Amino acid sequence: MVDDPSLARRLVDAIISDYPDHKADTRPVHTIGIGVKGHFIASPVAGNYTTANHFQGAEIPVTVRFSNGTGSPVERDSASDVRGMATRFHLPDGSDTDLIAMTLGEFFTRSTDEFLDLTRSAQPQPVQAEGWWQKMVDMLSFRLPLADPPPGDGKSGAAGLMHYAQRHQFAQRGILQAASIGAPVSYARATYHAVHTFILLDKNGVRRYVRFSWQPVAGVRNIDTHAPPVNQYLHEELRDRLSKWPARFILRMTIGDIGDALDDPTVPWPLQRVKVVMGTLYLTHVAQDQQADCEKLGFNPCRLTPGIEVSSDPILQARRGAYQESQSMRGATACPFHNEAS
Ligand code: HEM
(Lines give C-alpha, C1' and ligand atoms only; values in the text may rest on other atoms or scores of the structure.)
Protein backbone atom coordinates (compact mmCIF):
# COMPACT_ATOMS: atom_id res chain seq x y z
CA MET A 1 0.00 0.00 0.00
CA VAL A 2 1.41 3.43 -0.98
CA ASP A 3 1.51 5.53 2.19
CA ASP A 4 3.99 8.30 1.47
CA PRO A 5 2.96 11.60 3.07
CA SER A 6 5.31 13.61 0.88
CA LEU A 7 3.83 12.02 -2.24
CA ALA A 8 0.34 12.84 -1.00
CA ARG A 9 1.30 16.49 -0.55
CA ARG A 10 3.02 16.65 -3.94
CA LEU A 11 -0.08 15.26 -5.64
CA VAL A 12 -2.35 17.81 -3.99
CA ASP A 13 0.05 20.70 -4.67
CA ALA A 14 0.36 19.61 -8.30
CA ILE A 15 -3.42 19.71 -8.74
CA ILE A 16 -3.68 23.10 -7.03
CA SER A 17 -1.01 24.52 -9.34
CA ASP A 18 -3.34 23.86 -12.29
CA TYR A 19 -6.03 26.11 -10.77
CA PRO A 20 -4.62 29.57 -9.98
CA ASP A 21 -8.00 30.71 -8.59
CA HIS A 22 -8.10 27.83 -6.06
CA LYS A 23 -9.40 28.91 -2.62
CA ALA A 24 -7.53 27.55 0.41
CA ASP A 25 -10.41 25.95 2.32
CA THR A 26 -12.02 24.17 -0.64
CA ARG A 27 -11.37 20.95 -2.60
CA PRO A 28 -8.53 21.35 -5.15
CA VAL A 29 -10.66 19.55 -7.77
CA HIS A 30 -14.40 18.86 -7.93
CA THR A 31 -14.70 22.11 -6.00
CA ILE A 32 -18.32 22.97 -6.72
CA GLY A 33 -20.77 20.38 -5.49
CA ILE A 34 -24.11 19.61 -3.87
CA GLY A 35 -24.90 17.06 -1.15
CA VAL A 36 -28.01 14.90 -1.37
CA LYS A 37 -29.57 12.18 0.79
CA GLY A 38 -31.28 8.91 0.07
CA HIS A 39 -30.84 5.17 0.46
CA PHE A 40 -29.41 2.13 -1.30
CA ILE A 41 -31.00 -1.31 -1.55
CA ALA A 42 -28.85 -4.20 -2.74
CA SER A 43 -30.21 -6.57 -5.39
CA PRO A 44 -31.13 -10.14 -4.34
CA VAL A 45 -27.92 -11.51 -5.93
CA ALA A 46 -25.46 -8.94 -4.54
CA GLY A 47 -24.85 -10.90 -1.32
CA ASN A 48 -23.60 -13.88 -3.39
CA TYR A 49 -20.54 -11.86 -4.36
CA THR A 50 -19.52 -10.14 -1.13
CA THR A 51 -20.00 -10.17 2.60
CA ALA A 52 -19.90 -6.34 2.66
CA ASN A 53 -22.72 -5.05 4.83
CA HIS A 54 -24.34 -2.73 2.29
CA PHE A 55 -24.81 -5.59 -0.18
CA GLN A 56 -26.89 -7.84 2.10
CA GLY A 57 -30.29 -6.31 1.22
CA ALA A 58 -31.06 -3.95 4.12
CA GLU A 59 -31.99 -0.34 3.32
CA ILE A 60 -28.73 1.60 3.70
CA PRO A 61 -28.89 5.40 4.20
CA VAL A 62 -26.53 7.30 1.89
CA THR A 63 -25.06 10.76 1.47
CA VAL A 64 -24.06 11.59 -2.10
CA ARG A 65 -22.05 14.57 -3.33
CA PHE A 66 -22.34 15.48 -7.01
CA SER A 67 -19.69 17.80 -8.37
CA ASN A 68 -18.22 19.55 -11.40
CA GLY A 69 -14.71 18.29 -12.09
CA THR A 70 -12.81 21.56 -12.25
CA GLY A 71 -10.78 22.91 -9.34
CA SER A 72 -11.92 26.45 -10.14
CA PRO A 73 -14.33 27.84 -7.54
CA VAL A 74 -16.37 29.49 -10.32
CA GLU A 75 -19.53 27.53 -11.10
CA ARG A 76 -19.85 27.00 -14.85
CA ASP A 77 -22.43 24.25 -15.12
CA SER A 78 -22.84 24.30 -18.89
CA ALA A 79 -19.09 24.01 -19.51
CA SER A 80 -17.85 20.73 -20.94
CA ASP A 81 -16.38 19.04 -17.86
CA VAL A 82 -16.11 15.73 -16.03
CA ARG A 83 -18.69 15.33 -13.23
CA GLY A 84 -18.28 13.48 -9.96
CA MET A 85 -20.54 11.36 -7.79
CA ALA A 86 -19.17 10.44 -4.38
CA THR A 87 -21.37 8.10 -2.34
CA ARG A 88 -21.11 7.40 1.38
CA PHE A 89 -22.99 4.34 2.62
CA HIS A 90 -23.90 4.65 6.32
CA LEU A 91 -23.68 1.04 7.51
CA PRO A 92 -25.87 -0.54 10.24
CA ASP A 93 -22.90 -0.89 12.65
CA GLY A 94 -22.33 2.89 12.60
CA SER A 95 -19.33 2.81 10.24
CA ASP A 96 -19.22 4.21 6.70
CA THR A 97 -17.86 3.12 3.34
CA ASP A 98 -17.34 5.27 0.23
CA LEU A 99 -17.59 4.76 -3.52
CA ILE A 100 -16.22 7.64 -5.62
CA ALA A 101 -17.10 7.78 -9.29
CA MET A 102 -16.85 10.17 -12.24
CA THR A 103 -18.18 10.45 -15.76
CA LEU A 104 -14.96 9.29 -17.46
CA GLY A 105 -14.69 5.55 -18.07
CA GLU A 106 -10.90 5.57 -17.81
CA PHE A 107 -8.32 7.66 -15.97
CA PHE A 108 -5.48 9.62 -17.62
CA THR A 109 -2.41 7.91 -16.13
CA ARG A 110 -1.15 4.58 -14.80
CA SER A 111 1.23 5.83 -12.09
CA THR A 112 1.70 8.81 -9.80
CA ASP A 113 4.84 9.91 -11.67
CA GLU A 114 2.82 10.06 -14.88
CA PHE A 115 0.09 11.96 -13.04
CA LEU A 116 2.59 14.57 -11.78
CA ASP A 117 3.92 14.88 -15.32
CA LEU A 118 0.39 15.33 -16.66
CA THR A 119 -0.41 18.10 -14.17
CA ARG A 120 2.74 19.95 -15.34
CA SER A 121 1.46 19.73 -18.93
CA ALA A 122 -1.93 21.05 -17.85
CA GLN A 123 -0.59 24.32 -16.38
CA PRO A 124 -2.90 27.06 -17.64
CA GLN A 125 -1.51 28.94 -20.66
CA PRO A 126 -2.91 32.00 -22.42
CA VAL A 127 -5.39 30.83 -25.04
CA GLN A 128 -7.48 32.19 -27.79
CA ALA A 129 -10.57 30.44 -29.02
CA GLU A 130 -9.74 28.53 -32.23
CA GLY A 131 -11.29 30.04 -35.32
CA TRP A 132 -13.50 27.89 -37.59
CA TRP A 133 -10.60 27.40 -40.03
CA GLN A 134 -8.29 25.97 -37.33
CA LYS A 135 -11.12 23.73 -36.09
CA MET A 136 -11.50 22.42 -39.69
CA VAL A 137 -7.77 21.79 -39.94
CA ASP A 138 -7.87 19.94 -36.60
CA MET A 139 -10.69 17.73 -37.77
CA LEU A 140 -9.07 16.99 -41.12
CA SER A 141 -5.89 16.03 -39.24
CA PHE A 142 -7.94 13.72 -36.94
CA ARG A 143 -7.21 16.01 -33.98
CA LEU A 144 -9.98 17.07 -31.62
CA PRO A 145 -10.63 20.81 -32.08
CA LEU A 146 -9.82 22.62 -28.82
CA ALA A 147 -12.87 23.47 -26.74
CA ASP A 148 -13.47 27.22 -26.55
CA PRO A 149 -12.12 28.72 -23.30
CA PRO A 150 -14.86 29.82 -20.87
CA PRO A 151 -15.97 33.42 -21.54
CA GLY A 152 -13.71 35.90 -19.75
CA ASP A 153 -11.09 33.23 -19.07
CA GLY A 154 -7.83 34.03 -20.80
CA LYS A 155 -5.99 30.86 -19.76
CA SER A 156 -6.58 27.14 -20.06
CA GLY A 157 -4.73 23.86 -19.60
CA ALA A 158 -6.64 22.18 -22.44
CA ALA A 159 -3.94 22.63 -25.10
CA GLY A 160 -1.27 21.22 -22.76
CA LEU A 161 -3.45 18.20 -22.03
CA MET A 162 -3.99 17.54 -25.74
CA HIS A 163 -0.27 17.81 -26.29
CA TYR A 164 0.28 15.29 -23.46
CA ALA A 165 -2.23 12.93 -25.11
CA GLN A 166 -0.42 13.20 -28.43
CA ARG A 167 2.81 12.09 -26.72
CA HIS A 168 1.36 9.37 -24.44
CA GLN A 169 -0.91 6.75 -25.89
CA PHE A 170 -2.04 5.44 -22.47
CA ALA A 171 -3.53 8.88 -21.68
CA GLN A 172 -5.48 9.24 -24.92
CA ARG A 173 -8.65 7.45 -23.90
CA GLY A 174 -9.14 9.56 -20.76
CA ILE A 175 -8.08 12.89 -22.24
CA LEU A 176 -10.08 12.53 -25.46
CA GLN A 177 -13.19 11.55 -23.50
CA ALA A 178 -12.68 14.56 -21.21
CA ALA A 179 -12.18 16.90 -24.17
CA SER A 180 -15.52 16.02 -25.72
CA ILE A 181 -17.64 15.09 -22.71
CA GLY A 182 -20.05 18.06 -22.68
CA ALA A 183 -22.39 18.97 -19.83
CA PRO A 184 -25.30 16.88 -18.48
CA VAL A 185 -28.85 18.30 -18.31
CA SER A 186 -28.90 16.98 -14.73
CA TYR A 187 -26.50 15.35 -12.28
CA ALA A 188 -29.08 12.54 -12.30
CA ARG A 189 -28.67 12.01 -16.07
CA ALA A 190 -25.05 10.91 -16.35
CA THR A 191 -23.25 7.59 -15.96
CA TYR A 192 -20.51 7.57 -13.32
CA HIS A 193 -17.61 5.11 -13.16
CA ALA A 194 -15.48 4.21 -10.13
CA VAL A 195 -12.75 3.46 -12.71
CA HIS A 196 -10.42 1.32 -10.54
CA THR A 197 -10.52 -2.41 -9.88
CA PHE A 198 -11.64 -3.52 -6.41
CA ILE A 199 -11.61 -7.02 -4.92
CA LEU A 200 -14.82 -8.54 -3.56
CA LEU A 201 -14.76 -11.43 -1.08
CA ASP A 202 -17.73 -13.76 -0.79
CA LYS A 203 -18.70 -15.92 2.22
CA ASN A 204 -16.63 -18.86 0.90
CA GLY A 205 -13.52 -16.69 0.67
CA VAL A 206 -13.67 -16.47 -3.17
CA ARG A 207 -12.03 -13.26 -4.42
CA ARG A 208 -13.36 -11.52 -7.52
CA TYR A 209 -11.84 -8.56 -9.34
CA VAL A 210 -14.56 -6.06 -10.16
CA ARG A 211 -15.29 -2.53 -11.40
CA PHE A 212 -18.37 -0.44 -10.53
CA SER A 213 -20.52 2.06 -12.46
CA TRP A 214 -23.70 3.98 -11.60
CA GLN A 215 -26.27 3.95 -14.43
CA PRO A 216 -28.99 6.65 -14.23
CA VAL A 217 -32.50 5.21 -14.51
CA ALA A 218 -33.66 8.48 -16.13
CA GLY A 219 -31.15 7.91 -18.97
CA VAL A 220 -28.07 9.83 -20.10
CA ARG A 221 -28.60 13.26 -21.63
CA ASN A 222 -26.34 16.24 -22.31
CA ILE A 223 -27.31 19.84 -22.99
CA ASP A 224 -27.05 21.18 -26.52
CA THR A 225 -23.41 22.13 -27.07
CA HIS A 226 -24.45 25.22 -29.05
CA ALA A 227 -26.75 26.57 -26.31
CA PRO A 228 -25.61 29.84 -24.70
CA PRO A 229 -23.51 29.28 -21.53
CA VAL A 230 -25.42 29.06 -18.24
CA ASN A 231 -23.37 29.28 -15.07
CA GLN A 232 -25.80 27.70 -12.65
CA TYR A 233 -28.58 25.23 -13.30
CA LEU A 234 -27.48 21.85 -11.96
CA HIS A 235 -28.25 22.47 -8.28
CA GLU A 236 -31.66 24.00 -8.96
CA GLU A 237 -32.51 21.22 -11.43
CA LEU A 238 -31.69 18.59 -8.79
CA ARG A 239 -33.74 20.33 -6.09
CA ASP A 240 -36.66 20.55 -8.43
CA ARG A 241 -36.32 16.94 -9.65
CA LEU A 242 -36.08 15.48 -6.14
CA SER A 243 -39.03 17.52 -4.88
CA LYS A 244 -41.18 15.55 -7.35
CA TRP A 245 -39.74 12.04 -7.41
CA PRO A 246 -36.59 10.21 -6.26
CA ALA A 247 -33.71 10.05 -8.73
CA ARG A 248 -32.52 6.47 -9.15
CA PHE A 249 -29.23 4.91 -10.17
CA ILE A 250 -28.44 1.22 -10.76
CA LEU A 251 -25.10 0.04 -9.42
CA ARG A 252 -23.58 -2.14 -12.11
CA MET A 253 -20.60 -4.37 -11.35
CA THR A 254 -18.38 -5.83 -14.07
CA ILE A 255 -16.42 -8.98 -13.17
CA GLY A 256 -12.87 -9.12 -14.52
CA ASP A 257 -11.40 -12.17 -16.21
CA ILE A 258 -7.97 -13.57 -16.96
CA GLY A 259 -5.83 -11.03 -18.81
CA ASP A 260 -7.86 -7.96 -17.80
CA ALA A 261 -6.00 -4.88 -16.56
CA LEU A 262 -6.35 -5.15 -12.79
CA ASP A 263 -3.97 -2.39 -11.74
CA ASP A 264 -4.21 0.01 -14.67
CA PRO A 265 -7.13 2.50 -14.65
CA THR A 266 -6.35 3.72 -18.19
CA VAL A 267 -7.40 0.41 -19.77
CA PRO A 268 -11.06 -0.63 -20.20
CA TRP A 269 -12.14 -4.25 -19.87
CA PRO A 270 -13.65 -6.11 -22.83
CA LEU A 271 -17.35 -5.34 -23.33
CA GLN A 272 -18.43 -8.97 -23.09
CA ARG A 273 -17.44 -9.32 -19.42
CA VAL A 274 -20.14 -10.54 -17.00
CA LYS A 275 -22.13 -7.68 -15.51
CA VAL A 276 -24.18 -7.91 -12.33
CA VAL A 277 -26.78 -5.49 -10.97
CA MET A 278 -25.69 -4.93 -7.37
CA GLY A 279 -28.49 -2.63 -6.24
CA THR A 280 -30.49 0.56 -6.65
CA LEU A 281 -29.79 3.98 -5.22
CA TYR A 282 -32.76 6.24 -4.42
CA LEU A 283 -31.92 9.91 -3.97
CA THR A 284 -34.80 11.59 -2.19
CA HIS A 285 -33.81 15.13 -1.17
CA VAL A 286 -31.07 17.73 -1.15
CA ALA A 287 -29.27 17.73 2.21
CA GLN A 288 -30.40 20.58 4.43
CA ASP A 289 -26.98 21.19 5.92
CA GLN A 290 -24.73 21.72 2.90
CA GLN A 291 -21.76 22.54 5.15
CA ALA A 292 -21.85 19.20 6.99
CA ASP A 293 -23.15 17.01 4.15
CA CYS A 294 -21.17 18.50 1.27
CA GLU A 295 -18.53 21.17 1.84
CA LYS A 296 -16.93 19.66 4.95
CA LEU A 297 -17.36 15.99 4.01
CA GLY A 298 -14.20 14.06 3.24
CA PHE A 299 -14.67 11.05 0.96
CA ASN A 300 -11.91 8.52 0.33
CA PRO A 301 -11.86 5.78 -2.33
CA CYS A 302 -9.98 3.50 0.11
CA ARG A 303 -12.53 3.81 2.91
CA LEU A 304 -13.84 0.28 2.54
CA THR A 305 -15.54 -2.31 4.74
CA PRO A 306 -14.93 -6.07 5.23
CA GLY A 307 -15.93 -7.92 2.04
CA ILE A 308 -14.33 -5.36 -0.32
CA GLU A 309 -10.63 -4.47 -0.73
CA VAL A 310 -8.44 -2.19 -2.84
CA SER A 311 -6.56 -3.74 -5.76
CA SER A 312 -2.86 -3.10 -6.36
CA ASP A 313 -3.67 -0.17 -8.71
CA PRO A 314 -1.03 2.44 -7.72
CA ILE A 315 -3.34 5.36 -8.53
CA LEU A 316 -6.06 3.99 -6.26
CA GLN A 317 -3.55 3.42 -3.47
CA ALA A 318 -2.05 6.90 -3.80
CA ARG A 319 -5.50 8.51 -3.65
CA ARG A 320 -5.86 7.29 -0.06
CA GLY A 321 -3.13 9.65 1.20
CA ALA A 322 -3.84 12.46 -1.29
CA TYR A 323 -7.48 12.77 -0.18
CA GLN A 324 -6.50 12.67 3.51
CA GLU A 325 -3.90 15.38 2.89
CA SER A 326 -6.34 17.55 0.99
CA GLN A 327 -8.97 17.13 3.69
CA SER A 328 -6.64 18.13 6.46
CA MET A 329 -5.50 21.14 4.38
CA ARG A 330 -9.09 22.32 3.89
CA GLY A 331 -10.35 21.43 7.38
CA ALA A 332 -12.80 18.70 6.41
CA THR A 333 -14.53 16.73 9.16
CA ALA A 334 -13.61 13.27 10.49
CA CYS A 335 -10.45 11.33 9.84
CA PRO A 336 -11.16 9.09 6.83
CA PHE A 337 -9.67 6.04 8.50
CA HIS A 338 -11.41 6.03 11.85
CA ASN A 339 -13.35 2.99 10.66
CA GLU A 340 -11.33 1.73 7.74
CA ALA A 341 -11.22 -1.98 7.00
CA SER A 342 -7.66 -3.22 6.66
C1 HEM B 1 -3.60 10.40 -8.97
C2 HEM B 1 -4.93 10.41 -9.09
C3 HEM B 1 -5.85 11.31 -8.32
C4 HEM B 1 -5.55 12.28 -7.41
C5 HEM B 1 -4.17 12.73 -6.90
C6 HEM B 1 -6.82 12.85 -6.95
C7 HEM B 1 -6.95 13.84 -6.02
C8 HEM B 1 -8.12 14.33 -5.52
C9 HEM B 1 -8.25 15.24 -4.43
C10 HEM B 1 -7.07 15.79 -3.63
C11 HEM B 1 -9.55 15.49 -4.23
C12 HEM B 1 -10.18 16.38 -3.16
C13 HEM B 1 -10.38 15.54 -1.91
C14 HEM B 1 -10.97 16.33 -0.77
O15 HEM B 1 -10.43 17.40 -0.44
O16 HEM B 1 -11.96 15.87 -0.17
C17 HEM B 1 -10.29 14.74 -5.21
C18 HEM B 1 -11.65 14.72 -5.35
C19 HEM B 1 -12.34 13.90 -6.21
N20 HEM B 1 -11.81 12.98 -7.10
FE21 HEM B 1 -9.84 12.58 -7.32
N22 HEM B 1 -7.85 12.22 -7.61
C23 HEM B 1 -7.30 11.26 -8.44
C24 HEM B 1 -7.99 10.38 -9.25
C25 HEM B 1 -9.35 10.30 -9.32
C26 HEM B 1 -10.07 9.27 -10.04
C27 HEM B 1 -9.43 8.10 -10.80
C28 HEM B 1 -11.38 9.53 -9.88
C29 HEM B 1 -12.49 8.71 -10.46
C30 HEM B 1 -13.31 8.00 -9.79
C31 HEM B 1 -11.51 10.72 -9.06
C32 HEM B 1 -12.70 11.34 -8.68
C33 HEM B 1 -12.82 12.35 -7.76
C34 HEM B 1 -14.09 12.91 -7.30
C35 HEM B 1 -15.48 12.53 -7.79
C36 HEM B 1 -13.78 13.85 -6.33
C37 HEM B 1 -14.77 14.69 -5.52
C38 HEM B 1 -15.11 13.94 -4.23
C39 HEM B 1 -16.04 14.71 -3.33
O40 HEM B 1 -17.16 15.02 -3.79
O41 HEM B 1 -15.65 15.00 -2.18
N42 HEM B 1 -10.26 11.15 -8.74
N43 HEM B 1 -9.40 14.04 -6.00
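**Questions about a ligand, a strand and a pocket**

Guide: In this predicted model, a polar side-chain atom of Ser326 lies 2.5 Å from an oxygen atom of the ligand.

Visitor: What makes that pair of atoms a polar contact?

Guide: A polar contact requires N or O atoms within 3.5 Å of each other, and the distance for Ser326 is 2.5 Å, so the pair meets the cut-off. Two further residues can be set against the limit in turn: Gln327 has a polar side-chain atom 3.0 Å from an oxygen atom of the ligand, and for Arg330 the distance is 2.6 Å, so these pairs also count as polar contacts.

Visitor: Which residues surround the ligand most closely, and which element supplies the largest share of its shell?

Guide: There are 25 residues around the ligand, and the closest are Arg27, Arg65, Tyr323, Ser326 and Arg330. Helix α8 gives the largest share of the shell, 7 residues, while α1, β3, β4 and α8 each contribute at least two. By class, the shell divides into 15 nonpolar, 6 polar and 4 charged residues.

Visitor: Why is Ala129 called neither buried nor exposed?

Guide: The relative accessibility of Ala129 is 48%, and because buried means under 20% and exposed means over 50%, Ala129 falls in between and counts as partly exposed. Ala129 belongs to the loop between β5 and α3, and its C-alpha is 9.4 Å from that of Gly154, although the two are 25 residues apart in sequence.

Visitor: How do you know that β2 pairs with other strands?

Guide: Two strands pair if at least two bridges are found between them. Strand β2 is joined to β1 by 9 bridges and to β3 by 7 bridges, so both cases satisfy the condition, and each pair runs antiparallel. As examples, Ile34 has Phe66 of β2 as its bridge partner, and Asn68 stands opposite Arg83 in β3.

Visitor: What makes β2 a mostly covered strand?

Guide: Of the 10 residues in β2, 8 are buried, and because that word stands for under 20% relative accessible area, the strand is described as mostly covered.

Visitor: What is known about the second largest pocket, and which residues are closest to its centre?

Guide: The second largest pocket holds about 320 Å³ of space. It is lined by 15 residues, and those closest to its centre are Glu106, His193, Arg252, Thr254 and Trp269. Strands β9 and β10 each supply at least two lining residues, with the largest share, 3 residues, coming from β9.

Notes:
Residues are numbered from 1 along each chain as its sequence is written. This is a predicted model: local features need pLDDT of at least 70, side-chain atom pairs count only at pLDDT 80 or more; totals for chains, interfaces and linings use all residues. Side-chain values use heavy atoms; hydrogens and water are left out. On a 1 Å grid over the protein atoms alone, a cavity is a set of points where a 1.4 Å probe fits but cannot get out, and a pocket is an open set with protein on both sides within 12 Å along at least five of seven lines; lining residues have an atom within 4 Å of a point. Grid points are joined across faces, edges and corners, and a volume is the space filled by probe spheres set on the points. Helices (H or I, at least four residues) and strands (E, at least two) are DSSP runs, numbered from the N terminus. Buried means under 20% relative accessible area, exposed over 50%, partly exposed in between (1.4 Å probe, protein chains only). A residue is near a molecule or strand if one of its heavy atoms lies within 4 Å of it. A polar contact is a pair of N or O atoms within 3.5 Å; within protein, one must be able to donate a hydrogen and the other to accept it, and residues adjacent in sequence count only if both atoms are side-chain atoms. Ala, Val, Leu, Ile, Met, Phe, Trp, Tyr, Cys and Pro count as nonpolar, Asp, Glu, Lys and Arg as charged, and the others, Gly among them, as polar.
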